[in-house]
Structures are given as structure tokens and as C-alpha cells.
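The exercises below are meant to be worked with the sequence and the coordinates open side by side. Each task is followed by a solution that goes step by step.

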Amino acid sequence: VTKHKPNRDLEGKKILVTAGPTKESIDPVRFITNHSTGKMGYSIVEAARDRGAEVTLVSGPTNICPPAGVEVIKVETTLDMYEAVMNSYADKDIIIKSAAVADYRPETVSKSKIKKSEGNLTLTLVRNPDILRTLGELKGDRILVGFAAESDHVLENAKAKIVKKNLDFIVANDITEDGAGFGVDTNIVHLIDKNGEIEKIDQSTKLEIAHRILDKVKKFEK
Ligand code: CTP
Ligand code: CA
């Protein structure tokens with residue numbers, strides 16, 4: 001019998017992956033977040049580790065246990081994630097930003113619980129930094145991969161993000177499709193690269209998609 005030899009094609013490569021949602025506190029009781037469970041990002045971490053990469057995971061709050069043998073930095077807010085990424089991107093060869101980052105945070109975090117009163121409550125939200133866009137400005141020789149979760153004009157919107165954030169390619173997710181997006185074990189994506197090449201991946205497990213993303217990363221290596 002021939003033994004199946006695992007593909008170790010990322011040996012010697014340092015990869016940074018961000019995963020999960022971020023969580024922005026309003027007061028000691030409430031917060032703003034999104035439906036990301038982290039499954040896609042954690043699948044990339046697992047696949048990259050299995051292919052021999054040295055993996056750093058910057059993760060927002062999730063219920064998933066990180067794969068063994070990976071450096072894990074846990075964060076809550078977008079500002080925390082920004083700081084963790086800025087502290088660790090420099091020596092990386094590949095950066096994959098699958099986290100679903102909050103674009104806005106409450107202007108102030110109330111130290112005491114906000115009590116209800118008659119009438120409406122208005123929260124002021126301020127912009128968070130765009131982590132991926134910042135990475136795009138600092139790109140150098142790194143391979144930079146983004147995600148785009150879209151509900152309409154999926155390909156157009158995703159393509160615009162490649163340019164804006166200086167990416168090699170983007171993983172475009174149509175969150176309205178069944179068997180794709182938040183919380184499910186499968187996904188349906190398009191890999192769109194900066195040269196305009198589009199690869200559709202039909203419904204597959206997130207781990208299979210993770211391997212396809214890494215196959216595409218290999219094509220951008222010098
Ligand atoms: N991203 C980021 N920092 C942010 C917002 C987004 O790093 N503050 C990253 C995400 O991790 C993802 C990519 O940018 O890899 C695209 O995120 P997305 O929310 O689809 O795009 P935005 O640029 O935020 O635009 P919009 O939400 O308006 O569609
Ligand atoms: Ca966004």
C-alpha cells in the first residue's frame with residue numbers, strides 16, 4: 001500500500017489569519033456584534049497548519065476550539081484586532097483576513113448600565129479603522145487575501161474591494177444563498193483576483209474551501 005503523503009506545500013511560510021466577529025460594548029450589559037461564528041477562518045487555520053505553515057490566529061469571540069499547534073491571540077473589539085494585527089503582520093508571508101469586523105463602535109462605552117426612559121434612545125456610532133486597508137498600504141511582498149460578505153451586486157462590490165484594499169485576491173460570499181455564509185458548515189464562494197480571474201467554488205465544506213483558498217495563495221507566490 002502506498003501511504004498518502006500530506007501536502008506540506010506551505011512549509012516555512014508564516015501565515016496570519018483573522019477570524020470571527022468583533023464585539024463592541026455599549027455598556028456593561030449590551031454589545032454590538034454580527035453573525036460570524038468563525039468557522040471559515042478556523043478552517044483556513046486548520047488547513048494551513050496541516051500544509052506545514054506556521055500559523056498565527058487573531059480571533060474575535062467564537063465557540064470554536066483553536067486547532068493545536070497554532071499561535072492564538074484572542075481579541076474582542078475591532079480596535080483590539082487592529083492592534084493585534086499591527087503587532088504581528090510584519091514577519092508574515094501571507095495574511096488572510098476572514099474576520100467579520102465591526103465597521104462602527106459606540107462613541108462611548110457607558111461604565112454603568114444605561115437605564116431605559118420614555119422615548120427613543122439614540123446611539124452614536126463612530127468609524128473603526130479598516131484593518132485590511134491599512135495592511136494593503138503596508139503590503140510589501142506579502143500575499144494579502146480579503147473576504148467580502150455581500151447581499152447584492154456580489155462580484156462588483158467584491159472587485160471594488162480588491163482595488164481599494166490592494167489585495168491579491170478576495171473571497172466573495174453571497175450571504176443570501178442557502179448553504180453559504182454565517183454559521184453553516186458549507187459555503188459557496190467566488191475567488192476573484194487582482195488580474196480579473198474569477199473562480200467559482202460550488203457548495204463545499206468550509207475546510208474544502210479553505211484548501212482552495214490556499215491553492216490560490218500558492219499561485220501568487222514568487
Ligand atoms: N475589514 C477590515 N477592517 C474593517 C472592515 C473590514 O479589515 N474595519 C476587512 C474584512 O476582514 C474583510 C474585508 O475587509 O476581509 C471586507 O470586509 P467587508 O465588510 O465586506 O467590506 P467593507 O470594506 O467593510 O465595506 P462594507 O461593509 O461597506 O461592504
Ligand atoms: Ca464592513
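**Exercise 1.** In which loop is Asn166 found? Describe its backbone and its burial, and then do the same for His153.

*Solution.* The model is predicted, with a mean pLDDT of 96 for the protein chain and 98% of its residues at 70 or more. Asn166 is found in the loop between helix H4 and strand E10 (169-174). Turning to the backbone, Asn166 has a positive phi of about 55°, although it is not a glycine. Most residues other than glycine have a negative phi. For burial, a residue counts as partly exposed when its number of C-beta neighbours falls between the limits of 12 or fewer for exposed and 20 or more for buried; Asn166 has 16 such neighbours inside 10 Å and is therefore partly exposed.

His153 lies in the loop between strand E9 and helix H4 (154-164), and its phi, near 45°, is likewise a positive value in a residue other than glycine. Because His153 has 10 C-beta neighbours inside 10 Å, it counts as exposed.

**Exercise 2.** Which residues of helix H2 are buried, and which elements do they pack against?

*Solution.* Helix H2 spans residues 78-88, and its buried residues are Thr78, Met81 and Val85. Viewed down the axis of H2, these buried residues fall within an arc of 55°, so they line one face of the helix. The partners of the buried residues are strands E1 (14-19), E2 (24-25), E4 (54-59) and E7 (104-106), together with helix H3 (131-137).

**Exercise 3.** Is Ala100 buried or exposed, and which residues distant in sequence does it touch?

*Solution.* Ala100 is placed in the loop between E6 and E7. With 22 C-beta neighbours inside 10 Å, Ala100 is nevertheless counted as buried. Once residues up to four places away in sequence are set aside, its contacts are Pro21, Asn34, Ser36 and Ala149. A further pair to inspect is Ala100 and Gly41, which are 59 residues apart in sequence and 9.8 Å apart in space, C-alpha to C-alpha.

**Exercise 4.** Which residues does the UniProt annotation "binding site" cover, and what are the surroundings of Asp103 and Lys113?

*Solution.* The annotation, taken from an unreviewed UniProt entry, covers Asp103, Lys113, Pro129, Asp130, Ile131, Leu132, Phe147, Lys161 and Lys165. These positions are spread over 63 residues of sequence and are also spread in space, with up to 37.9 Å between C-alpha atoms.

Asp103 sits in the loop between strand E6 (94-97) and E7, and with 13 C-beta neighbours inside 10 Å it counts as partly exposed. Beyond four places in sequence, Asp103 touches Arg127 and Asn128. Lys113 belongs to the loop between E7 and strand E8 (125-127), and it is exposed, with 11 other C-beta atoms within 10 Å. Its contacts, leaving aside neighbours within four places in sequence, are Asp27, Pro28 and Val29.

**Exercise 5.** Which element gives the most residues to the shell around ligand 1?

*Solution.* Of the 14 residues around ligand 1, those that come nearest are Lys97, Val101, Ile131, Leu132 and Gly146. H3 and strand E9 (143-150) each supply at least two residues of the shell, and E9 gives the most, with four.

Technical notes. Residues numbered from 1 in each chain as written. Chains lettered and ligands numbered in written order. Predicted model: local features only at pLDDT ≥ 70, side-chain atom pairs only at ≥ 80, totals over all residues. Arc of directions from axis to C-beta. Contact = placed C-beta atoms within 7 Å. UniProt positions renumbered as here; feature names shortened; annotations may be inferred. pLDDT = per-residue confidence, 0-100. Near = placed C-beta within 6 Å.
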